[in-house]
Amino acid sequence: TARLGSGTASSSTFLRGDGTFAAAGGGKVLQYVFNHDATEVSTNVGTTPNFAMSNRIDLAITPSATSSKILVMYNFGSITSYEGSCLGYGRISVSNDGFSSNETIPVSGGANQVRSHYAQFGLNLETASHQTSQGLCCSFIHSPNSTSTQTYRPKFWTEGGSGYVNINRSPRDGSDDFSSCCFAYAMELQG
């Protein structure tokens, strides 16, 4: 009989690279929260990051341990920048006080600042009113090192003062145009 490793094999152990069996640990999903929003948004966001969706797509989760990680995922069904050939940008901000005074960016953005702000993603530039807007997904793992409630919320801006962001709709917004929905998830992972 061939032996794969030392220790005891069971349904709760795995074979490690060093040839020993060990109990699995870490990475378990401890809790999750979900949110969605189908509100059509078309707003002039200008050059300053702002909460174009208000708090409608917030994710609030309270880690059970300081060693926990939070997997955050935002899926925008349709999102574009529009007007004045202004490219659009976005990021997911986090706050441990409901955005009353404390706001941070949980993961670093790109190496270059756009209008003095770091972005985590760019938005498709809508150049024709008949074009179908594209979806966008942003996901990351945040290590809050805290058991305080963490609230995640997207912010958007453009490179020019006349720039608009369209979410869940096309810029044309005709009576037969599509409408989409945003979905967001946060999962607490055991550290």
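How much of the contacts in the protein chain with a separation of 6 or more comes from residues 24 or more positions apart? The share is 78%. Keep that in mind while you browse the views below, which come from a predicted model.

**View 1. The whole chain is built from strands.**
Start with a quick tour of the protein chain: it has 13 strands and zero helices. Reading from the N terminus on, you meet one β element after another. The chain has 191 residues, and 39% of them count as buried. Its accessible surface comes to about 9,600 Å², with 47% of that belonging to carbon and sulfur atoms.

**View 2. Seven strands line up in an open sheet.**
Here the strand order is β4-β12-β7-β9-β8-β11-β5, and the pairing is mixed. Which strands stand at the edges? They are β4 and β5; each has a single partner strand, so one side of each is left without a neighbour in the sheet. On average, neighbouring strands of this sheet are turned by 30° against each other, direction ignored.

**View 3. Strand β12 sits between β4 and β7 in the sheet order.**
Zoom in on β12, residues 164-167, and look first at its link to β4, residues 41-44: the two run antiparallel and are joined by four bridges. One of the matched pairs is N44 with Y164. Now look at β7, residues 79-82, which also runs antiparallel to β12 and is joined to it by four bridges. Here you can pick out S81, whose bridge partner is V165, and T80, whose bridge partner is N166. A handy thing to know while you look at strands: in a regular strand the side chains alternate between the two faces of the sheet.

**View 4. N44 reaches over to a stretch that is far along the chain.**
N44 lies in strand β4. Is N44 buried, partly exposed or exposed? Its relative accessibility is 37%, so N44 counts as partly exposed, a label for values between 20% and 50%. Leaving out residues up to four places away in sequence, N44 touches G161, S162, G163 and Y164. Two backbone oxygens are reached by the side chain of N44: the one of G161 at 3.1 Å, and the one of G163 at 3.3 Å. Another pair to look for is N44 and T158, which are 114 residues apart along the chain, yet their C-alpha atoms are separated by 8.8 Å.

**View 5. Four strands make another open sheet.**
This sheet has the order β3-β13-β6-β10, and its pairing is antiparallel. The edge strands are β3 (29-37) and β10 (136-142); each has a single partner strand, so one side of each is left without a neighbour in the sheet. Neighbouring strands here are turned by 10° against each other on average, direction ignored. Take a look at β6 (residues 69-76) and β13 (residues 182-189), which pair in the antiparallel sense over eight bridges. If you want a pair to find in the picture, try L71, which stands opposite M187 in β13.

**View 6. A nonpolar core gathers residues from many strands.**
In soluble globular proteins, nonpolar side chains tend to be buried together. In this model, the largest nonpolar core has 26 residues, and those with the most contacts inside it are Y74, F76, I79, F121, Y152, F156 and I167. At least two core residues come from each of β5, β6, β8 (88-95), β9 (121-125), β10, β11 (150-158), β12 and β13. The largest share, four residues, is supplied by β6. Now pick out I167: not counting residues up to four places away in sequence, I167 touches T39, E40, V41, M53, F76, S78, I79, F156 and C182.

**View 7. D58 is a buried residue in a loop.**
Find D58 in the loop between β4 and β5 (59-61). Why does D58 count as buried? Its relative accessible area is 16%, and buried means under 20%, so D58 makes the cut. The side chains of D58 and R153 are joined by a polar contact of 2.7 Å. Setting aside residues up to four places away in sequence, D58 touches N35, Y74, T151, Y152 and R153. Two of these, Y74 and Y152, are also among the residues with the most contacts inside the largest nonpolar core.

Notes. Residues numbered from 1 in each chain as written. Predicted model: local features only at pLDDT ≥ 70, side-chain atom pairs only at ≥ 80, totals over all residues. Heavy atoms only, no water. Pairing = 2+ DSSP bridges. Buried < 20%, exposed > 50% of the residue type's maximum accessible area, 1.4 Å probe, protein only. Polar contact = N/O pair within 3.5 Å; in protein donor to acceptor, adjacent residues only side chain to side chain. Contact = heavy atoms within 4.5 Å. Axes fitted to C-alpha atoms, helices over the stretch in contact; angles between N-to-C directions. Areas by Shrake-Rupley, 256 points an atom, 1.4 Å probe, with all protein chains shown as cover. Core = buried A, V, L, I, M, F, W, Y, C linked by side-chain atoms within 4.5 Å.
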